[in-house]
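Trainee: Could you take me through the salt bridges in this one? I'd like a close look at who pairs with whom, and where the partners sit.

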Amino acid sequence: MEILKEIIGDNGRVGIMGGTFDPIHYGHLAAAEHVRDELGLDTVLFIPSGTPAFKEKQKASAAPHRFAMTALAIGDNARFHISGIEMERKGKSYTVDTLREIASKLPPKTKLYFIIGADAFMHINKWKQRDELFKLTHFAVTSRPGTCARDAQVMAKHLKEESKARIKMLEIPGLDISSSDIRNRVAYGWSIRYLVPGPVAAYIKEHKLYLREIPVKDIKMELEKRLSKKRYAHALSVAEEAKRLAGIHGADADRAYLAGLLHDAAKGMDDADLLKTAELFKIPLDGYMLETPGLVHSHVGAGIAAVKYNVADADVLNAIKYHTTGRPAMSLLEKIVFTADFTEPSRSALEGVKAAREYAEYDIDAAVIEALDRKMRAAGDAAHPLSRDAREYMTYHLHPDTEDY
């Protein structure tokens, strides 16, 4: 609070804006700026909640995430500040306790203005020590779309008369934005541009917040319905083999299983559907893929994993995307899935499988090279350049003693 003392002096006017801010959005920011301007506040203090007393059923994102997003959102406004006072407190967060603590740390003549939406204000009679709240702070009640301002005005008049509450009714620009809608949009892969500040959107994406976590059992049930019986059995077998190889070579077994399970998610689609879906997902296709649409299924499969099953792990998506062709500088997970697809038990009739299996037990790079050699021999001139580049990279960068095929 020291920085606030310097800003406001002995007779400061401080707005208090609390909320879960999960995430903070332009509606919060517009309301805070409008109130600050109209009431001549020196600053607005944003206070992300700890454990909200009335929102126990709603599981909020971790406190550090909500604090970070709020800090990013207000970073370009010198009149906005943030406090972790409620997050640092154990147990439920009650506004009366927060305001007492803030008041005790600011000059005695500081005036506090608690900013609250008209919808929340309608429930003020349920708040802890309501009358004490009216002594600690003024209330700046803002109207919001969908809320009956007249009802709030009637309640405000009653509370002024009954409890000498200091209440100012304010109309703010109508930004009909909600945090729950933003979370849903992220979950469904829709844009949140112009709803939250750019840095907040980037933070949400970087930390993979609000994505729907689809259980593997549900993915398996859905794949079983969509894929042929033989293809589904292959997917399960690749997943198990990828998980086994991950255990041998020190990779994450769960990620390997997921990538293996989804590696053929686009199988069963005809060429026209593959190309149409690739266009829908904005997947760039080279000439080789356009001439051989069957190669497209791995790229479309990665798109399906991301859009339909909310897989946000780039390594898992790349393992799916390149399981057919390989590519230079593959990650360990990519090598494991590429190998598992070639060596799983139902592939026993393929040339080179036995050798690749043997290599896979102790040298995943050698297994990948063996699989690449066999795939390229089978494809001949139709072999994708990525496979040739992958083979060359592994030969000269990882296994310089490997003979050219």
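Mentor: Sure, and keep in mind that this is a predicted model. The structure holds 20 salt bridges, so let's walk through a few, taking the cut-off of a side-chain nitrogen of Lys or Arg within 4 Å of a carboxyl oxygen of Asp or Glu.

Start in helix 10, residues 216-226. Glutamate 222 and arginine 226 join their side chains in a salt bridge there, at 3.0 Å from N to O. The two are four residues apart in that helix, which means about one helical turn lies between them. Both ends see some solvent-accessible area: glutamate 222 is partly exposed at 21%, and arginine 226 is partly exposed at 33%.

Now hop to helix 19, residues 364-379. Glutamate 370 pairs with arginine 374, with N to O at 2.7 Å. Here too the partners are four residues apart, so about one helical turn separates them. Glutamate 370 has 10% relative accessibility and counts as buried, because buried means under 20%. Arginine 374, at 23%, counts as partly exposed. Elsewhere, Arg89, Glu101 and Lys105 are joined into one network by salt bridges that share partners.

For a link between distant parts of the chain, look at aspartate 313 and arginine 255, whose side chains meet at 2.8 Å, N to O. Aspartate 313 is in the loop between helix 15 (296-307) and helix 16 (314-321), while arginine 255 belongs to helix 12 (residues 253-262), and the two are 58 residues apart. Aspartate 313 is partly exposed at 23% relative accessible area, and arginine 255 is partly exposed at 29%.

Definitions and conventions:
Residues are numbered from 1 along each chain as its sequence is written. This is a predicted model: local features need pLDDT of at least 70, side-chain atom pairs count only at pLDDT 80 or more; totals for chains, interfaces and linings use all residues. Side-chain values use heavy atoms; hydrogens and water are left out. Buried means under 20% relative accessible area, exposed over 50%, partly exposed in between (1.4 Å probe, protein chains only).
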